[in-house]
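The following note sets out numbered comments on the strand pairing and helix packing of the structure shown here.

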Amino acid sequence: MVKCNFCNEEVERLEISHIIPKFIYKWLKDTSTIKRMRSSVNPNKPAQDGYKIPFLCKKCESNFSQYEKYFSENIFKPFIDSNDITIFKNIDFAKINKFISSLIWRVAKYSINNPELNGNYKKDEIKLFNTYTNDIQENYNLNTKINFNTYFIPLTEEFAKKNIFQNIDFVYFERSIAMDFIIFDNYNGVASVIIKFPFMLIVCEYISSRHQEWQGFKINEGKFEYSKEYKIPQYINYFIEFDKNRHYSIMEDLPKHQLDDIIKKAKDMKETDGTYKAKLKNYNHGIFL
Ligand SMILES: [Zn+2]
C-alpha cells in the first residue's frame with residue numbers, strides 16, 4: 001500500500017500524475033510542427049506529454065482535473081487567443097482559486113522534497129516551506145484565499161511594450177514550460193514557487209519581498225489586480241534570464257543527430273506553428289537570437 005501525497009489515504013497504487021497539467025503540454029504539442037518535446041527535469045529524456053510521476057490517488061487526481069479543465073477553457077486558451085487580461089472579469093474565481101492552489105501545492109510539494117531538485121535547501125527551510133505548502137492544501141480543501149502573495153504575469157507583446165521585462169524573447173515567452181521553487185539569497189531571501197506556462201508566469205511568494213515592488217498582477221484576493229502601471233520585482237527578471245537560458249540549453253544539450261533531425265523538420269515549419277509565430281514576433285521587435 002502507498003500513501004497519496006495529497007489526502008494521505010492508503011491506496012493500492014498511485015496514479016501517474018503530471019505535476020504541470022497535461023493540457024499545457026498538449027497545447028504546446030498541438031501548436032508545434034515538430035511533435036517532439038523535452039523536459040527540463042531530465043533533458044536527455046524525451047517528454048512527449050510532460051513529466052509524470054506516481055503522486056496522487058485516483059480520487060485526488062480526478063478532483064484536480066475538473067479545475068484544470070475550467071482553467072484551460074476559461075483562462076489558458078482564451079488568453080492565448082486574445083492576450084487580453086480582461087478575461088479575468090467574467091469567470092468563477094473560486095474555481096480559478098482551486099486550480100491555482102492545487103498547482104502551487106503540486107509544484108511546491110514536488111520541488112521542495114525531491115532530493116534531485118532541492119540540493120541547496122537547509123533542513124529547517126524544507127520543514128518551514130512544507131508547512132507553508134500544507135497551508136496551501138488547506139486553502140484548497142476549505143475554499144479559502146491563498147495567504148501568500150500570488151501573481152499572474154502575462155508574457156505578451158502588450159506587456160513587453162510596458163517596459164517591465166529586461167529580457168524579451170517571444171520564443172521563450174510563448175513556447176516554454178517550467179516549474180521551480182527558488183530561494184533568492186541575494187534578494188532578501190525571497191522564496192517563490194514559480195510556474196512558467198506558455199504566455200504566462202505564475203508566482204507564489206512563500207517569503208515576500210520586503211519592499212513594495214509589485215504593482216498589479218495579484219490574483220490571490222479573488223480577482224486579478226488591474227493597475228494603471230504595472231511593476232515586477234527585479235528577482236523575477238533574474239528568473240526570466242535564468243529560465244530562458246535553461247530553455248535554450250536543453251536544445252544545445254541534444255546529441256548532434258537529434259539536433260540535425262530537428263533542424264530538418266524546422267525547415268518545414270508552417271505559418272500556423274507556434275514557434276514560427278513567436279520567432280516572427282521576435283523579428284518584428286528587433287530581437288535576434
Ligand atoms: Zn488522494
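1. Phe-152 faces Ile-202 of strand β8 across the pairing. A second opposed pair is formed by Thr-150 and Cys-204, the latter again in β8. The strands concerned are β5, residues 150-154, and β8, residues 200-207, which run antiparallel and are joined by 5 bridges. The model is a predicted one, and the comments below should be read accordingly.

2. On the pairing of β7 with β8, the sense is antiparallel and the count is 7 bridges, with β7 covering residues 190-197. Phe-197 lies opposite Met-200 of β8. The two strands, β7 and β8, make a hairpin in which 2 residues separate them. In that turn, Phe-199 adopts a positive phi of about 70°.

3. Which strands make up the sheet, and in what order? The sheet is open and has 4 strands, arranged β5-β8-β7-β6 with antiparallel pairing. Its edges are β5 and β6, the latter spanning 178-184, and each of these pairs on one side only. From one strand to the next, the twist averages 20°. In a regular strand, side chains point alternately to the two faces of the sheet.

4. Helix α3 packs on this sheet and touches β5, β6, β7 and β8. The direction of α3 makes about 65° with that of β6.

5. Helix α3 also has a helical partner. The axes of α3, residues 93-113, and α4, residues 123-142, come within 9 Å, crossing at roughly 155°. Angles over 145 degrees count as roughly antiparallel, and α3 and α4 are therefore roughly antiparallel to each other. The crossing of α3 past α4 is left-handed.

6. Which residues does α3 bring to its contact with α4? The α3 side consists of Lys-98, Ser-101, Ser-102, Ile-104, Trp-105, Ala-108, Lys-109 and Ile-112. These meet Ile-126, Phe-129, Asn-130, Thr-133, Ile-136, Gln-137, Asn-139 and Tyr-140 of α4. By class, the residues of the contact of α3 with α4 comprise 8 nonpolar, 6 polar and 2 charged.

7. To recapitulate, α3 touches β5, β6, β7 and β8 of the sheet, and residues of α3, among them Trp-105 and Ile-112, take part in the contact with α4. Within the sheet, β8 pairs with β5 over 5 bridges and with β7 over 7 bridges.

Methods: Residues are numbered from 1 along each chain as its sequence is written. This is a predicted model: local features need pLDDT of at least 70, side-chain atom pairs count only at pLDDT 80 or more; totals for chains, interfaces and linings use all residues. Two strands pair if DSSP finds at least two bridges between them. Axes are lines fitted to C-alpha atoms, for helices over the stretch in contact, and angles run from 0 to 180 degrees between N-to-C directions. Angles under 35 degrees count as roughly parallel, over 145 as roughly antiparallel, 65 to 115 as roughly perpendicular and the rest as oblique. A crossing is left-handed if the near helix is turned anticlockwise from the far one by less than a right angle, and right-handed if clockwise. Two residues are in contact if their C-beta atoms, placed from the backbone, lie within 7 Å. Ala, Val, Leu, Ile, Met, Phe, Trp, Tyr, Cys and Pro count as nonpolar, Asp, Glu, Lys and Arg as charged, and the others, Gly among them, as polar.
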